[in-house]
Amino acid sequence: NKVENQKNFNIFKYRNFYNGGGVAIGDINNDGLPDIYLTGNMVENKLYLNKGDLKFEDITLKAGVQGSKPWSTGVVMVDINQDGLLDIYVSNAGNMEGNNHDNDLYINNGDLTFTEKAAEYNLAQTGFSTHASFFDYDKDGDLDAYILNNSNIPVSSLGYAGQREVRAQDWEGVPDIFKGVGDMLLRNDNGKFVDVSEAAGIYGSLIGFGLGVMITDINKDLYPDIYVSNDFYERDYLYINNQDGTFSEEIKDWTSHLSLSAMGIDMADINNDGHAEIFITDMLPEADERVKSVMEFDGYDVFRLKQDKDFYQQYIQNTLQLNNGNGSFSEIAYFSGVDATDWSWAGLIFDMDNDGFRDIFITNGINHDLTDLDFVDFFANEIIQKMALTGKKESIDSIINKMPIRPQPNYAYRNNKDLTFDNANKEWGFELPTMSNGAAYGDLDNDGDLDLVINNVNMVSFIYENQTDSLTENHYLKLRFEGPEKNKFAVGTAVNLYYDNNVVYQELIPSRGFQSSMDYEMTIGLGKSTSVDSLRVIWPDDKTQKMENLEADQTVNLSYSEAREVYTPAKPDAIKPLLKEVENSNLLAHEENNYNDFDYEGLIYKLLSQEGPALAIGDINGDGNEDVFLGGAAGQEAMLYEHTGNGNIRPMRQSVFNEDRTYEDTAAAIFDADGDGDMDLMVGAGGNQVGDERTYRARLYLNDGKGKFSKSEQQLPSTFKNISTIAPFDYDDDGDMDVFIGSRSVVGTYGVDPDHLFLENLGNAEFKDATERLAYDLKDAGMVTNAIWADMDGDSRKDLVTVSEWGTPRIFRNSGRRLAKMSSSLDSLDGLWNVVEAADLDNDGDLDLVLGNQGANLHYKPTPANPMKMWINDFDGNGTIEQIVTLSENGKDYPLHQKKELTNQIVSLKKQNLKASEYARKTIGELWPKSVFENSIMKKSGTSESVIAINEGNGKFKIKTLPSRVQLSCVCGISCADVNNDGYLDLIMGGNNFEFKPQFSRLDANYGNVLLGNKELDFKWEEYNKSGFFIRDEIKHIKQFKDRNGRAFVIAALNDTKPKIYSLDD
């Protein structure tokens, strides 16, 4: 597919200039051998007839399918006229004024010739088309069409943000050359395709930059739904079929974030649970050096602006959406290891080695590195300066030729059968650097494995012969379908295949990936299994048939005419969930105030100002029911909730809380501070808001015995830091409650260890700062995020356990006279810890720990051998402290930050006049003198997973990583309870953090965890429909509370929304 820039038509004139061509595989002459069609951009399209033994004949001219349009894109083989022969539908585009870009439909004449008849079927005039998919959306038996169109309007601003609802033809002030047509849904009315897009609820705006379309029954209601992946700022569309000819767009209800530059799309089941996942490609490079050389990311303000304009959360990364089976997806690409594959196009999910699990193949590469930062920052400036000096315009060719050309290998990821993938490029033969675009798979040589055809820009196209049949002992089953009269190739048929505890779900939808369509025969790998227990076929009109005990390594012919039953989806088993939500209309939403930490601390990677609400539990009014306190954000009144029993709580407004609404409540505890027998309240403030730090102190509210609070006249000692935790306990057993107050960070100076407080209760709620005298070692506790009191050494005294960011869990042994750091094996467990809970998990009489960390769904995953580090210093000597985070590789530390990000904050670096490519290769030691680092604070994180620490005595702990589903996000709240009453403690956990800089995506893939424990401490993660615990928000705390009858409940405190309550005893 040769593509050459021309004076009047080039990458500057047409931004999809390097998007390349597509591939279609299908048997056009019904000889049992799949044939190949390739689209060309500036060259003719090609049709290759399969002659057997992987030999192909170019029959393009004889067949009459070379095309007359100047720029072809996608292609799909489909039997339009239902004569049993595959026709070829070609999408055309190209931003060329005066040239025709109508689509082409080549009708198969049955003699290896074709006749173009798109206009006859009303399939010609469609806009700047990328691709098309044919399917029966209204279930009337014939094939309708979705035409995916792109747009040529400028994308340099969000000026068109409000025009999603405006159809392309109604846009004003846009030149016709840009206008085109929005996406189109065409209904098949007796062989004529009628545009029903608007009536059906399909967006037709010019901000639809469609690059991928996938048809699937996403909600398993037997009606096909539509997923559209959009490039640039427009979010993707998920159209749910309403079963009445209309669709509802619901992408935000099903997902939590998306790819920003969304390219190709595929959907298939990666874990054999019967539910299809979604994989979408983007353009994030894998190597950190290349990220720094070619990438620029949205600033936080721009990101928030896009959110405000309803473009949702989008990030530059591939996305792999794990189907949770309950109408939600969890985005796990970072966890799975398939997040970054450079400038990628097609992403295809299919079993490349017939081991029974689907792998992922990705095409990669672009003809010129359009985003190369050196070109943008240096060469472009040189060209402009030269033109200014000479008065002579530089030719387009000379400008384009200065853009680097760096072909990249495609990616083949082997499925590890545990939601993770390994790069198998070397083993499977995909190391050749390419500029690949469309790709399709099919068994070209009928040997039972799937071969691959790839369309390349300015390179010959590839056919990869799959040699699985000769190199492994894996088995397969091939399925060939004969559909009903008006859908003879059975498009939309679904199969469920059962063997060895696997449920393989696959849909017959040819259009997949990028601009391409797959062969109609299904080839399903079985691994070592030599037979299939049963096969359920569901035809497009819901007729069904079942076959049992099928031998492997054969082709099964399936005919619609043999289907006698009508398929009815099985009703979900009546499952009694372990937790049941307690609905309550009285709950008030936490409302986070608007503050951007990055304006003051440009190098930190996440906001620290959104850590509320604080949560505390205690019986305030002495009625035997434990009540709930929830702190407010800055400017919001905190709320005390009275528990009336059965988990029902109602607000108890307190005027004193309204008076103190200016504080951001980040920590709280309910305890008897003054020894009068009722529960008082201590609340800590934080928020990291520069200028407000003198208000960041703890406040004590005294109870009058009836649940009404007044503020203590004593002003508690304070360090004026971001308070994160308040942990009361009578450490010296003198009858009154002492208090540990821990802080996360110094306001506006992240990375410097804050001071902490140990307050000794002198009686009658008078507290004295006794940190230096009684708890001197707390000075080294670090950036504390949580603290609990628990007897960790078996001496019957509770010790203080803390966790921190960029630090280790620490135990401060309580001797009854003072707290002193106790050595333990946890001292080497560096991480970004959020929360700790203590419980006897193994019933051996001592307390074990549950430690909540960041999880493994991270772009940058530290290990003990290659930790992340944070260096804190005034790097440019201007009186301001900076934080530089580095990644370790081969014993060297490389800055995580983009060059512009770092030089904007540390101006002295600009004097080095580094190119992005030069900066990308430099270690932190090459950017500053050694003396700077000798005087820097250095912190590290070598562990990201959440774990349990099993107490083996004498300060020794055995670390056990929690199940993979827990690691899909951070853990910020933990509660231990025997939820299934089997005598072993179970874990209720949750987290998520949405406040990272855009280049780091966000942690949102976990919607709550219920883990069932056993004697071996093999905690089993429960599916959401079984656990009943499902929260899509940011969980900051999880705590239990009880009513007077002993019934237990958990409450989850959620940032910027209402809390949720669940019953444990239903």
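1. A quick term before we start: two strands count as paired if DSSP finds at least two bridges between them. Keep in mind, too, that this is a predicted model. With that in hand, have a look at the N-terminal strands. In β3, the residue that bridges to L38 is K46. L38 itself sits in strand β2 (residues 35-38), and β2 is joined to strand β3 (residues 46-52) by 3 bridges, with the two running antiparallel.

2. Now the other partner of β2. Strand β1 (residues 23-26) runs antiparallel to β2, and 4 bridges join them. One opposite pair to pick out on screen is A24 and Y37, the latter in β2. As for where the side chains of β2 go, D35 and Y37 point one way while I36 and L38 point the other way. Buried or exposed, these four? All are buried.

3. Next, the sheet further along the chain. It is an open one of 4 strands, ordered β43-β44-β45-β46, with antiparallel pairing. β43 (615-618) and β46 (648-652) are the edge strands; each has a single partner strand, so one side of each is left without a neighbour in the sheet. On average, neighbouring strands here are turned by 25° against each other, direction ignored.

4. Inside that sheet, zoom in on the pairing of strand β44 (residues 627-630) with strand β45 (residues 639-645). The two pair in the antiparallel sense over 3 bridges. If you want a landmark, V628 has Y641 in β45 as its bridge partner.

5. V495 is worth a click. This residue belongs to strand β33 (residues 494-499), and V495 has a relative accessible area of 0%, so it is buried. What is V495 in contact with, once neighbours within four places in sequence are set aside? The list is L479, F481, V504, Y505, Q506, M522, I524, L535, R536 and V537. There is also a C-alpha separation of 6.5 Å between V495 and E507, although the two are 12 residues apart along the chain.

6. On to charges. Side chains of opposite charge can pair when their charged atoms come close. How many salt bridges does a search of the whole structure find? It turns up 50. Three of them are picked out below.

7. Start with E249 and R235, whose side chains form a salt bridge at 2.6 Å, N to O. E249 is in strand β16 (residues 247-249), whereas R235 is in the loop between β14 (225-230) and β15 (237-241), so the pair ties together parts that are 14 residues apart in sequence. R235 counts as buried because its relative accessibility is 3%, under the 20% cut-off. Both residues also belong to a wider salt-bridge network that links R164, E234, R235, E249, K252 and D310.

8. The E57 and K62 side chains meet in a salt bridge as well, at 3.7 Å, N to O. Here E57 is partly exposed, at 30% relative accessible area, and K62 is exposed, at 53%.

9. Last, E1034 and K1036. Their closest N and O atoms are 3.8 Å apart, and the two form a salt bridge. Are these residues buried or exposed? E1034 counts as buried at 2% relative accessibility, and K1036 is buried too, with a relative accessible area of 6%.

Technical notes
Residues are numbered from 1 along each chain as its sequence is written. This is a predicted model: local features need pLDDT of at least 70, side-chain atom pairs count only at pLDDT 80 or more; totals for chains, interfaces and linings use all residues. Side-chain values use heavy atoms; hydrogens and water are left out. Buried means under 20% relative accessible area, exposed over 50%, partly exposed in between (1.4 Å probe, protein chains only). Contact means heavy atoms within 4.5 Å. A salt bridge is a side-chain nitrogen of Lys or Arg within 4 Å of a carboxyl oxygen of Asp or Glu. Axes are lines fitted to C-alpha atoms, for helices over the stretch in contact, and angles run from 0 to 180 degrees between N-to-C directions.
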